[in-house]
Amino acid sequence: MSDLAQARAAHDHFRSLGLRLDMTRGKPSAAQLDLANAMLTMPGNGDTETEAGEDARNYGGIQGVAEVRRLFAPMMMAPPAQIAIAENSSLAIMHDCIVWALLKGVAGGEPWSRTEAPAFICPVPGYDRHFALCEEFGIRMLPVPLKGDGPDMDAVEALALDPSVKGMWCVPKYSNPTGETYSDAVIARLAAMPAGAPDFRLFWDNAYGVHHLTGNRTEIPDILTLCAEAGHADRAFVFASTSKITLAGAGIALFAGSEANIRWYLARAAKRTVGPDKLNQLRHLRFLRSPEGLAAHMDAHRRLLAPKFDAMLATLERHLGGQGIARWAAPAGGYFITVEMLKGSAARVVELAREAGIALTPAGATWPHGRDPHDSVLRLAPSFPPLEEVRQAAEGIALSMKLAALEAT
């Protein structure tokens, strides 16, 4: 029997099992959410006062509770005075920053809408929701490849000289979806590079800053300090949230920036709200208690997540290793595994997986407008299903990859 016939037979057998498995989104599992169940009784009846004696049940506090900003200052790599806390979604803050920049301009700049065809630099493979925001508001997207230690900086620096290029998406640590971390040299170049637009902004989405998959906690340089030292103090907008730390739908989102950027953000936010949910902020403080408590909590996440990644990677290696069919890397953190297939085969893998009862993220989702020009990149998300389902899904995905590759050759 030929290799192709064997691969088809193995795939057919898996299909006959009638499984229904969802590997589409990088959501926390129920077991991960259970880690924060104690928060559901916090801050508790009568526990509503901040250190400053403010009543967290009432209006106000647009910047967020001071002691909560202190709690997350190490994660944000910013002093508490340069942090603002919003509601549960950092994506919502990114959305607002883009809208405000288009309509009002950023600190020291004119509205971006006055620029003909404003553009963002977009490292690829990248986060589909970043690209969706650009698409929603008509911002051109300029893809640049990731190289394993961050984006191709020669390409980035060339594009940034165009005055119509207003920003750049960055997931600097355990990137979505490749898992790579920007090198110190790449981050220094991003902070220091010339930009044609004086109001150019790095949209620095440090979504996975504390989401380690190994005992080695990767660290990256402080982008705010590097930008200030390079004479571009206002260049970076820093975003993060607790969505994958505590309760995904009831976390808190954080924004950090220069003093001027914080003033700009708070002035805009004050028109939008009379204050965020300070009880939820206190809930996070009572539960996590300290940066050390946050680290210990993330260790508990790692103990749940790492076996799923190990199972997925071991299955890929067993079926595909050394065959030239696909390549991947073991991420040190984050929520995804990226697999690069032979050109023209990623969409076929998604189709074959669907036939086998496995829902995958659509091929192309990691590129602007959902169009991967090589049809080769797949994003795998092993976090949400239970471990046994991850093992089953990994088997079916690997069989689908092998069959698609053999069909293409």
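1. Let's start with the nonpolar cores. In this predicted model, the largest one has 53 residues, and the members that touch the most others are Phe72, Met75, Met76, Leu190, Trp204 and Ile223. Helix α3, spanning residues 66-76, is the biggest contributor, with six residues. There is also a second, separate core of 44 residues, which includes Met312, Val349, Leu352 and Ile397. As general background, nonpolar side chains tend to be buried together in soluble globular proteins.

2. Leu190 is worth clicking on, being one of those core residues that touch the most other members. What is Leu190 in contact with, leaving aside its neighbours within four places in sequence? You should find Met153, Val156, Met168, Cys170, Tyr182, Leu202, Trp204 and Arg235.

3. Now the seven-stranded sheet. It is open, with mixed pairing, and the strand order reads β2-β8-β7-β6-β5-β3-β4. The edges are β2 (83-85) and β4 (140-145); each has a single partner strand, so one side of each has no neighbour in the sheet. Going from one strand to the next, the twist averages 20°.

4. For a closer look inside that sheet, try β6 (residues 201-205) and β7 (residues 236-241). These two run parallel and are joined by four bridges. If you want a pair to display, Asp205 has Phe239 in β7 as its bridge partner. Helix α6 (residues 153-160) packs on the sheet, where it touches β3 (119-124), β4 and β5 (165-170). The direction of α6 makes about 155° with that of β4.

5. Ser164 sits in the loop between α6 and β5. Is Ser164 buried or exposed? Its relative accessibility is 11%, and the cut-off for buried is under 20%, so Ser164 counts as buried. Its side chain makes a polar contact with the side chain of Arg140, at 2.9 Å. Beyond its neighbours within four places in sequence, Ser164 is in contact with Thr115, Glu116, Ala117, Pro118, Ala119 and Arg140.

6. Last stop: strand β10 (residues 337-341). Why is β10 described as largely enclosed by the rest of the structure? Because four of its five residues are buried. β10 pairs with strand β9 (residues 326-328) in the antiparallel sense over three bridges, and Ala326 stands opposite Met341 in β10. β10 also pairs with strand β12 (residues 377-380), again in the antiparallel sense, over four bridges. Here Val339 has Leu378 in β12 as its bridge partner.

Key. Residues numbered from 1 in each chain as written. Predicted model: local features only at pLDDT ≥ 70, side-chain atom pairs only at ≥ 80, totals over all residues. Heavy atoms only, no water. Buried < 20%, exposed > 50% of the residue type's maximum accessible area, 1.4 Å probe, protein only. Pairing = 2+ DSSP bridges. Core = buried A, V, L, I, M, F, W, Y, C linked by side-chain atoms within 4.5 Å. Contact = heavy atoms within 4.5 Å. Axes fitted to C-alpha atoms, helices over the stretch in contact; angles between N-to-C directions. Polar contact = N/O pair within 3.5 Å; in protein donor to acceptor, adjacent residues only side chain to side chain.
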